[in-house]
Amino acid sequence: MTMNILIIEDEKKVAKALKEGLERENFTAKIAYNGEDGFFLLNTEKFDLLILDLNLPGRDGIEILKTIRQKGVSTPVLILTARDSVESRVLGLETGADDYLVKPFAFPELIARIRVILRRGKSDQETLLMVGDLEMDLLTRKVIRGKQAVYLTSKEYDLLEYFLKNKNKIVSREMLSKDVWQDIGRATPLDNVIDVHITHLRKKLDDPFTVKLLHTLRGVGFMISEEQP
Ligand code: CA
């Protein structure tokens, strides 16, 4: 699941650089160049985080933030400010921002702050899925087995996420067709496609290791489990 970020920033160059940088980190990002467009997008789409510039033409960032919180929108907000004054930072945090960053900033720091905010917001949801020595971090999209990184295609990633969310349970081909491939129109499940992806996933996940995690249950489906089902 990709995190969707809204950037409200009037400087086109900065906004574009932010969007591109975020996309390189596997986030999706949209830009609003003023508060009105920002409100519109917040009302029409679900965002996981808002990056808000304070210095905007018309309504400034603090006003936008106040309005958003008054409307009961709880989307986490990271403030960007060129004003390195204590007042604007304090005001921003008091108004309901989650964090702030003073311009100019280093991009890796922005990414680190974003990850902290998103992790905090998700504290009651599972963002780290595990089975045996396999770990999948849903925020960074990193998969690790033992101490080795496992590199997956996006379909393999979706497939593994689904297996892990159904750990120690039987996953049928029908479930995979419907939930992972979102293929509901077809009368027969996508057997060949599923088999090919399972083979690839198993090659990356299990082949280098003695303990196998992804099991086939003949005629029934599959199961991810530390123990042989
Ligand atoms: Ca600005």
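**Figure 1. The C-alpha centres of domain 1 and domain 2 lie 35 Å apart.** This is a predicted model, so let us start with the whole protein chain before moving in to the details. The chain is divided into domain 1, covering 4-119, and domain 2, covering 124-224. Where the two parts meet, four residues of domain 1 are in contact with four residues of domain 2. Taken along the principal axes, the C-alpha atoms of the protein chain fill a box of roughly 65 × 40 × 30 Å. If you count the regular elements, you will find eight helices and 11 strands. Of the 229 residues, 43% count as buried. Among the contacts between residues at least 6 apart in sequence, 54% join residues at least 24 apart.

**Figure 2. Five strands form an open sheet with parallel pairing.** Follow the strands across the sheet and you meet them in the order E2-E1-E3-E4-E5. Why is one side of E2 and of E5 left without a neighbour in the sheet? Strand E2 (28-32) and E5 stand at the edges and each has a single partner strand, so one side of each has no neighbour there. On average, neighbouring strands of this sheet are turned by 20° against each other, direction ignored. Further in, strand E1 (residues 4-8) pairs with strand E3 (residues 49-53) in the parallel sense, over four bridges. To find a place in this pairing, look for isoleucine 5, whose bridge partner in E3 is leucine 49.

**Figure 3. Helix H3 packs on the five-stranded sheet.** H3 touches E1, E3 and E4, and its direction makes about 150° with that of E3. Which residues of H3 are buried? They are Gly61, Ile62, Ile64, Leu65, Thr67 and Ile68. Just after H3 comes glycine 72, which takes a positive phi of about 80°.

**Figure 4. Threonine 75 sits in the loop between helix H3 (61-70) and E4.** Is threonine 75 buried or exposed? Its relative accessibility is 14%, and the limit for buried is under 20%, so threonine 75 counts as buried. Now look at what surrounds this residue. Leaving aside its neighbours within four places in sequence, threonine 75 is in contact with Leu42, Phe47, Asp48, Leu49, Leu50 and Arg69. One of these contacts, Leu49, is also the bridge partner of isoleucine 5.

**Figure 5. Strand E5 (residues 99-102) has side chains that alternate between two faces.** Asp99 and Leu101 point to one face and are buried. Tyr100 and Val102 point to the other face and are not buried. Four bridges join E5 to strand E4 (residues 77-81), and the two strands run parallel. Within this pair, leucine 78 stands opposite aspartate 99.

**Figure 6. Glutamate 94 belongs to helix H4 (residues 86-95).** Is glutamate 94 buried or exposed? With a relative accessible area of 64%, glutamate 94 is exposed. Try finding lysine 66 as well: glutamate 94 and lysine 66 are 28 residues apart along the chain, and their C-alpha atoms are separated by 9.7 Å.

**Figure 7. Four strands form an open sheet with antiparallel pairing.** The order here is E6-E7-E8-E9. Strand E6 (128-131) and strand E9 (148-149) stand at the edges, each with a single partner strand, so one side of each is left without a neighbour in the sheet. Two bridges join strand E8 (residues 142-145) to E9, and these strands run antiparallel. In this pair, isoleucine 144 stands opposite alanine 149. Helix H6 (residues 154-165) packs on the sheet and touches E6, strand E7 (134-137) and E8. The direction of H6 makes about 110° with that of E7.

**Figure 8. The axes of helix H7 (residues 173-180) and helix H8 (residues 191-205) come within 10 Å.** Two packed helices are described by the angle between their axes and the distance between the axes. How do H7 and H8 lie to each other, roughly parallel or roughly perpendicular? Their axes cross at roughly 90°, and angles of 65 to 115 degrees count as roughly perpendicular, so H7 and H8 are roughly perpendicular to each other. On the H7 side, the residues that meet H8 are Arg173, Leu176 and Ser177. On the H8 side, look for Asp191, Ile194, Asp195 and Ile198. By class, this contact has three nonpolar, one polar and three charged residues.

Notes: Residues are numbered from 1 along each chain as its sequence is written. This is a predicted model: local features need pLDDT of at least 70, side-chain atom pairs count only at pLDDT 80 or more; totals for chains, interfaces and linings use all residues. Side-chain values use heavy atoms; hydrogens and water are left out. Axes are lines fitted to C-alpha atoms, for helices over the stretch in contact, and angles run from 0 to 180 degrees between N-to-C directions. Angles under 35 degrees count as roughly parallel, over 145 as roughly antiparallel, 65 to 115 as roughly perpendicular and the rest as oblique. Contact means heavy atoms within 4.5 Å. Ala, Val, Leu, Ile, Met, Phe, Trp, Tyr, Cys and Pro count as nonpolar, Asp, Glu, Lys and Arg as charged, and the others, Gly among them, as polar. Buried means under 20% relative accessible area, exposed over 50%, partly exposed in between (1.4 Å probe, protein chains only). Two strands pair if DSSP finds at least two bridges between them. Domain bounds come from an automatic or database domain assignment.
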